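Open the structure in your viewer and get ready to select a few places with me. We will go from stop to stop, with a short look at what is there.

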Amino acid sequence: MRVTFSSMYREAMSGLEGAIERRLDLQRQVSTGKRVERASDDPSAMARVIVERGQQAALDQYTQTADSAAARLNVADTALSDAVKHISAAQVALVSARGSQKTAAEREAAALNLEALRDALLADVNTVHRGTYVFGGASGTVQPYTKNGVGVVSAYQAATTEVSVDIERGIEVAVSFNAESFIKGTDADDLFTVLNQAITAARAGDQATLSTANLALDRALDRATGMQSRIGAGQRTVEDDLARLSAAMRGSEARVAALEDANLAEAVSGMQQADQAYQAALAAVGATSRLSLMDYLK
Amino acid sequence: MSDLFRSLTSATRAMDAQRFGLDVTGHNIANVNTPGYTRRVADFAAAPPEHQWSAGRGVDVVGIHAQRDRLIDRRLEQEITAEAREGAIASSLGVVEARLGASGRSIDARLTDFFNSFARLADDPLSAVARQEVLLQANALTAAFRSTAEGFAEARRSADLRIVGAVDEINELARGIAAINDSIAALGSGRPEGALHHLRDQRSVLVRQLTELADVGILEREDGLIDISLAGGRALVVGDNTYAVSTAPTGPNGLSVISLNGADVTGDITGGEIGGLLVVRDVHLPTYQQRLDEQAFALAGAVNTVHAAGFDPAGNTGQDFFAFSAPPVGVAGAAAALTVDAVVAADGNRIAAAGINVAADNQAARALSAVRDTRVLDGGRATLTDSWSQLVYRIGRDVQAASHEQGIRREVVNSVETLRDQVSGVSLDEEATQLMKFQRAYEANARFFRVIDQTLDLLFATLVR
């Protein structure tokens, strides 16, 4: 076989190009820490990375929404706890107004206490978080209950539709509630009307109305604690969800890392090998160039 | 005595022959790096004796031949055509791939940002900031679609421009080959072989350049001329005649069709750089573009359907969220024309976040955010992100396949070139031995000349005495 110099140089150049290409690729991996940067590096891995990154962005958003929902539910829970306390206190005040032995001063004191508790309860159901009413349903900025100058509280003015947010795919949690569902429920009168009737009855010593009001407060308390349980369940859902989202994010990040991250130890070792191959190819070209029969011509 | 003089003549011819051998060797060494050069070999033959008592008249130079293997040359041309095709595909699509951007910095990221903005709006439906963010992300998303569509269109135009340039090169090369054919024909039947080989080498360089541009058929004739055909057998060069290849922009895209002798041959050129560019321009890029258009169209359709069913905070019923600056034909043109509807773009409060006519309801915003998980493409099998990842996969796979194929073809070209070098290449070691061989032969013949000369001297001296 005739071996020409152009063949030798072509082979040498091919070897050198291959070695330096390999070295550059590994050098890029070491400097960026990524094995896959362009789709053509590994089309299948890149496609999966895109889907995973989409999932991560969604998980991140769900986490933000869940955090926001947790804050809102905490506010609702606190307001509702206060409302429960105020309803319970109203029951105590009612008891203190009942009985034929009560003096007018004692009944007036009970009536004043009931007025204060009514106003506190009104403040509870009108709790605002980030500019919207927590118990205003989907109305947002419409105040659920208002009170006029003589202490008469309006009927429920906000929306009965509650607002939920998605804290994960297929998992939603209510974050804005319908106050009427525990202030009135299925009763004929809402709690504020009952309290106003009780205040009037306390002053008048109307035992029958006080007794009816006490029963209504019992039912309101049940409804409020029921809603509190619902909010508590929502809080637990959010808490569980945040843990799940965090785990899902870690899993997705691990998958992305496995798909696109370079094995640095392998890349550095490969770079050294490529370096040696390049040096060897250079040496081979040099050695080939030195040897020629022409050198022996005198 | 006359035989002695004939011996002197014979020695002189022999020395001339060896000098010719040295000359050929020198020519080979001089052209060791000349592209297309084929190694020359001096052909010697023993000169026959004149009569019964003559051993022979020494040596004759009967010619010079170039060491060429037509089969290997043809194979090399075919492989060069294939390598150039894959190289053109890899190079053109590589640019397209680079324009796509890395994952997390392309349409996929804009899609997730857009849907996340609706999730944030759902969290706070009356927030002016959240509404502005939706508009911001929607504008970024439509801009990403338009930019990617423009990237594909630009890549098609670039491929087309290069095709036009390559066609000009084909015409130039065809004229060069025809001119060399003409020169070879002009040498006539008693043509000097050295000049003939020189012209053939020059022609082979042009043919090689031509095979890089397109798949051509080459027919070497008895008279040493070559005819070249293009695009499935249509004549490009016949002897010293050429047939012009031309390009003309056609259709709404203004992309060029290639004509040869009046016939449209665009679809018949499948190899070489032009073949690769045509595949990129007419197959790959339109496929990518269609996929992108389908995504833009599906996005607009899915979002508009939900948005139109919602209500804005003022209680207005929803309307289309996305619009097209120019109506798509089917889905064609959807990506390039995708915009945010002018009414919505002008007023963030026109975003319909509510599913019922209550200001702070968020059901529409939640449903819009959930479009990210809705399988709106491929007959309900793929989400928008799935579809984008499939497009990126396809482009990456096409680039990878073309690069891989180009690498294989390059190896084959190298191997065939090595085979060609084994036949036609110049080996300096071999030429060095040739130098020594001819030098030694020259010295021996010169010595022979001196011996005859001395013999004649001796003869003349005897006669004078």
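Start by selecting β4 (171-176) of chain A and α3 (107-123) of chain B: each of them supplies at least two residues of the lining of the largest cavity. Keep in mind that this is a predicted model.

How many cavities of 30 Å³ or more does a search of the whole structure find? The search finds one, and the volume of this largest cavity is about 120 Å³. To find its centre, select R72(A), T132(A), V163(A), D123(B) and P125(B), which are the closest to that centre among the 14 lining residues. Now colour the lining by class: you should see five nonpolar, five polar and four charged residues. Rolling a probe the size of a water molecule over the atoms shows where empty space is left.

**Next stop: where the chains meet**

Show chain A and chain B together and highlight their contacts. On one side you will have 49 residues of chain A, and on the other 55 residues of chain B. The area buried between chain A and chain B is about 4100 Å², with 55% of it given by carbon and sulfur atoms. Which three residues of chain A supply more of the area it buries against chain B than any other three? Select R2(A), R10(A) and I50(A), and you have the trio that supplies 17% of that area.

**Zoom in on R10(A)**

Side chains of opposite charge can pair when their charged atoms come close. Show the side chains of R10(A) and E417(B), which meet in a salt bridge at 3.0 Å, N to O. Then add D421(B): its side chain also meets R10(A) in a salt bridge, at 2.7 Å, N to O. This second pair crosses between chains, from helix α10 (residues 384-424) of chain B to helix α1 of chain A.

Zooming out, the count between chain A and chain B is seven salt bridges, while the structure holds 62 over all chains. Across this interface there are also 17 residue pairs in polar contact.

**Last stop: the side of chain A that touches chain B**

Select α1 (5-32), α2 (43-97) and β3 (163-168) of chain A, each of which supplies at least two residues of this side. The largest share comes from α2(A), with 15 residues. Colour this side by class to finish: it has 20 nonpolar, 17 polar and 12 charged residues.

Methods: Residues are numbered from 1 along each chain as its sequence is written. Chains are lettered from A and ligands numbered from 1 in the order in which they are written. This is a predicted model: local features need pLDDT of at least 70, side-chain atom pairs count only at pLDDT 80 or more; totals for chains, interfaces and linings use all residues. Side-chain values use heavy atoms; hydrogens and water are left out. Contact means heavy atoms within 4.5 Å. Buried area is the accessible area (1.4 Å probe) that two parts lose on being put together, summed over both. A salt bridge is a side-chain nitrogen of Lys or Arg within 4 Å of a carboxyl oxygen of Asp or Glu. A polar contact is a pair of N or O atoms within 3.5 Å; within protein, one must be able to donate a hydrogen and the other to accept it, and residues adjacent in sequence count only if both atoms are side-chain atoms. Helices (H or I, at least four residues) and strands (E, at least two) are DSSP runs, numbered from the N terminus. Ala, Val, Leu, Ile, Met, Phe, Trp, Tyr, Cys and Pro count as nonpolar, Asp, Glu, Lys and Arg as charged, and the others, Gly among them, as polar. On a 1 Å grid over the protein atoms alone, a cavity is a set of points where a 1.4 Å probe fits but cannot get out, and a pocket is an open set with protein on both sides within 12 Å along at least five of seven lines; lining residues have an atom within 4 Å of a point. Grid points are joined across faces, edges and corners, and a volume is the space filled by probe spheres set on the points.
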